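Reader: I would like to go through some of the labels used for this model and hear what stands behind each one. Please set the values against the definitions.

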Amino acid sequence: MLDNLGNLRRTHYCGDLAASDIGTKVTLMGWVNKRRDLGGLIFIDLRDVKGLAQIVIRPENEAVFAKAEKLRNEYVAAVTGVVSAREPQNVNPNLPTGALEVQAEELFFLNDCQPLPIQLTDVALADEDLRLTYRYLDLRRPALQRIILMRDKVVKSIRDFLCAEGFFEIETPILMKSTPEGARDYLVPSRVQPGKFYALPQSPQMFKQLLMIGGFDRYYQIAKCFRDEDLRADRQPEFTQLDIELSFATQEQIFDLLERLMQRLFREVLGIELSLPFPRLSYQEAMDRYGCDKPDLRFGIELHDLSGCLKDSQFQVFRSALDSGGVVKALAVPGGGDYSRKQQDELVELAKHQGGKGLAFAKVASDGLEGGISKFLSETESASIIKLCGARPGDLIAFAADSYDMVSKVLAAVRNTVAAAQKLIPENTFAFAWVTDFPLFQFNAEEQRWEPAHHMFTLPREEHIPWLDKPEKYGSIIGQLYDLVCNGTELSSGSIRCHRYDLQKKIFDILGFSEDELKRRFGFFLEALKYGTPPHGGIAPGLDRIVMIMSGAESIRDVIAFPKTLKATDLMCQAPSEVSEVQWKELHLKPGE
């Protein structure tokens, strides 16, 4: 027989009980985590979102004892009783409330529970798809609850910080015009205007710039964004970003703001003090040294260009790459000299998976290189390679020869893989860095046109503004662009915006937009730039990624209460789903069109 809640009120959370509560009568509510019958006593571990509390039910309280005998795991219960100290031999040092227990006086049986389709333990996790199907049960796992509560604390800290900095929290539309920013839009058909569609925002980019034009010079928003793109561990079709824009701001002001925000988050949430300022790398330096624009700086393996010392190499693979305008680069794997042939082959397969042709190897001995391709290298070349790579006896040198971009991609993947394999990545370490000075344009050789390399609403470096009129210089124009990276993950991307109509129009012209397309896609925005737009800039840290980094979660799905799968489906709600014929007709659409 179930009890009604009536006027019963919870006085404490289970996990909030403290020594100061000893002797206090409390009412706790939650789920039965475990029930134990021992020596005529019944012990119940009651669980809520704050933690566990041990409940003791004694046989002399016959009515309560009889109820407790019927309780099972995950039944919903409420207990009223007095907090007492546990006997010293019964203290659980691994539990925050492990020195306390509640002597039950009343027990309320609020709901039962059918056998669970998944186990709520981190020891034997069910398949992820099954857990996502029963996400509301998976959310009861303490480990997952800790992450979601950390997210709540992060958001609160962000709001407190930005409010103190004079920012205004302003919401921007979810239903907007389709203005693709690189990924596909999610489209929403309009019922009242047949044949027309809204788009869900990939970001509030143009709206936040319009807010600057409107005079709200310090804006922020915890913004929902949507991108219909292929997914991976750190992506979701709908995600949350901290959107920030401010007028009359320099790049240095934005760096200072974000650094102090991150410092506050890590101090308040993790008790970790970040050192400021964060290191800075130009885009080119990051690519040269690490092969990617979001390098993991927790370890020091770097890429080294060997093209100069191998310019006369007799090794055909190197010779061919250099003759075709490519490069030869290498990295030293600390202690990798004992890698087996199988381990080397696995790295070769990794290189091929990245699109490369493969890798070459040589081991570092006390008197030079040995094994692998060392027989194709002169003593002078071997000595130069060892010196340039900073290699030591016992290391393994991995070589890649191809175009600059391909070599960078291959060796960046190898770098991260061998660092993990060699256990070179320290735990509980957060290595932040700014990556700056990205190219404004990149040339698409296949389509023979210029594309935005990063962000098309960006102001070029001031000294590069005249180059917008010089086609031969387009590839050399550097934008006032910047990314904040941490532990090999891009946390944030931003730029100083192009606030001048004439310059923004030139950028669109270089990107090949026709007048009709410009008017259709960006007409309202270009028009707004004509009416006294202040200089402004911004940045948009990914909230999901910040929490993922701070919590140590392996997947971004672990930091979102109700995430989608890698196929962008909601297994719990069975979305996306088909809709009725009536809905198709109301939207003036037909299936398959």
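Author: The side chains of Asp45 and Arg36 meet in a salt bridge, at 3.1 Å from N to O. This is a predicted model, in which local features need pLDDT of at least 70 and side-chain atom pairs count only at pLDDT 80 or more, while totals for chains, interfaces and linings use all residues. Residues are numbered from 1 along each chain as its sequence is written, and side-chain values use heavy atoms, with hydrogens and water left out.

Reader: Why is the contact between Asp45 and Arg36 called a salt bridge?

Author: The term requires a side-chain nitrogen of Lys or Arg within 4 Å of a carboxyl oxygen of Asp or Glu. The N to O distance for Asp45 and Arg36 is 3.1 Å, so the pair qualifies. Side chains of opposite charge can pair when their charged atoms come close. The structure holds 41 salt bridges.

Reader: How do you know whether Asp45 is buried or exposed?

Author: Buried means under 20% relative accessible area, exposed over 50%, and partly exposed in between (1.4 Å probe, protein chains only). Asp45 has 15%, so Asp45 is buried.

Reader: What makes Glu517 and Arg521 a salt bridge, and where do they lie?

Author: Their side chains meet at 3.1 Å, N to O, so the 4 Å limit is met. They are four residues apart in helix H13 (residues 515-528), and therefore separated by about one helical turn. Helices (H or I, at least four residues) and strands (E, at least two) are DSSP runs, numbered from the N terminus. Glu517 is partly exposed at 23%, whereas Arg521 is buried at 13%.

Reader: Which label do Lys530 and Glu527 get for accessibility?

Author: Lys530 has 45% and Glu527 has 34%, so both count as partly exposed. Lys530 forms a salt bridge with Glu527, the closest N and O atoms being 3.3 Å apart.

Reader: Why is the link between Gln205 and His455 called a polar contact?

Author: A polar contact is a pair of N or O atoms within 3.5 Å; within protein, one must be able to donate a hydrogen and the other to accept it, and residues adjacent in sequence count only if both atoms are side-chain atoms. The side chains of Gln205 and His455 are in contact at 3.0 Å, so the distance limit is met. Gln205 lies in helix H5 (residues 205-213) and is buried at 3%.

Reader: What makes Lys564 buried?

Author: Its relative accessibility is 13%, so Lys564 counts as buried. The side chain of Lys564 makes a polar contact with the side chain of Glu238 at 2.6 Å.
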